[in-house]
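Me: I am new to this structure and would like to understand the terms used to describe it. Please explain how each term is justified.

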Amino acid sequence: MNILLTGASGFIGRNIATALTAAGHRVIPASRENGIDFRRMHSASDWQAHLAGIDAVINCVGIIGENGGQRFAPLHTLAPSALFRACAQVGIRRVLQISALGADETAFSAYHLSKRAADDCLRSLDLDWFVLRPSLIYGRSGKSARLFMRLAALPRVPVIGDGQQAIQPVHIGDVVATVMRCLASPQVRQALDIVGPETVTFADWLQRMREAQGLPRARLVRIPVSLAMALARVGRYINPILQPENLRMLETGYKADFRPLARFLGRMPHTADARLFFSDGTDARSAS
């Protein structure tokens, strides 16, 4: 198929593009280099010229924090919604939206609410849609994974509060496998939580990252939530991931039942293994 892939240069997009090409599909990246600036693509007519000859669309555009000209509403809601409406107008049936775990009726953050708004738009259209909601994604070259790896490698591991926040990380290979399955599945119009089979604490996750780097377990440095929030207000100017709202999302914790994903894939999602921290989406099977 000819597949329009937005966000093709990001962590998720790069891995999906590699898998699509390996499977014989033709990837058409949608980016500023191709004359498509998401910040200005807010009507269906803006997209129609870019959809000629396209068989399916995958939207991977996403930011974890607002920074400069990068804002949630244009990137997560307005442009994707316009793209989805354009697909309906020109007859492109298969549309995949990469959303986020927590972008549902429980959403409270600007990040999740902006994702959910685009999800709701897609679900309202007469299309063969999929809304995919990944948890915290790990794997080689992921921005958040790199940050957590650096934190884990410190002599003492910093955690927020008691470090007992519940997370359910998923490997990039399971995200890619889900996308590939969605392109061929007759079971359309699905919202799927893409999560790993284990629920772990944030502190334990950082300790596993230490062990993956060949380091022994380390003592924790417990940072009070109020202090962590204050540090994040400064840190966000250095790294967009360090946002106070992201810390609030971490404090909330997000879990989901992995069994629907396992049924859809026809196999279990990957259990975290040291080698998987350094593997890509297409080589996860050989690494596990």
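Reply: This is a predicted model. A suitable place to begin is strand β1, which four bridges join to strand β3 (residues 56-59), the two running parallel. Within this pairing, Thr6 stands opposite Asn59 in β3.

Me: What makes β1 (residues 2-6) and β2 (residues 26-30) a pair of strands?

Reply: Two strands pair if there are at least two bridges between them. Five bridges join β1 to β2, so the two count as paired. One of the partnerships is that of Leu4 with Ile28 in β2. The chain crosses from β1 to β2 through helix α1 (residues 11-22), and this β-α-β crossover is right-handed.

Me: Why are β2 and β10 (190-194) said to stand at the edges of the sheet?

Reply: The open sheet has six strands in the order β2-β1-β3-β4-β5-β10, with parallel pairing. β2 and β10 each have a single partner strand, so one side of each is left without a neighbour in the sheet. On average, neighbouring strands here are turned by 20° against each other, direction ignored.

Me: Why is helix α5 called roughly perpendicular to helix α7?

Reply: The axes of α5 (residues 143-152) and α7 (residues 202-212) come within 8 Å and cross at roughly 80°. Angles of 65 to 115 degrees count as roughly perpendicular, so α5 is roughly perpendicular to α7.

Me: Which residues of α5 and α7 meet?

Reply: Ala145, Phe148, Met149 and Ala152 in α5 meet Phe202, Leu206, Met209, Arg210 and Ala212 in α7. By class, this contact has eight nonpolar, no polar and one charged residues.

Terms used: Residues numbered from 1 in each chain as written. Predicted model: local features only at pLDDT ≥ 70, side-chain atom pairs only at ≥ 80, totals over all residues. Heavy atoms only, no water. Axes fitted to C-alpha atoms, helices over the stretch in contact; angles between N-to-C directions. Parallel < 35°, antiparallel > 145°, perpendicular 65-115°, else oblique. Contact = heavy atoms within 4.5 Å. Nonpolar A, V, L, I, M, F, W, Y, C, P; charged D, E, K, R; others polar. Right-handed = clockwise from strand over helix to strand, strands pointing away.
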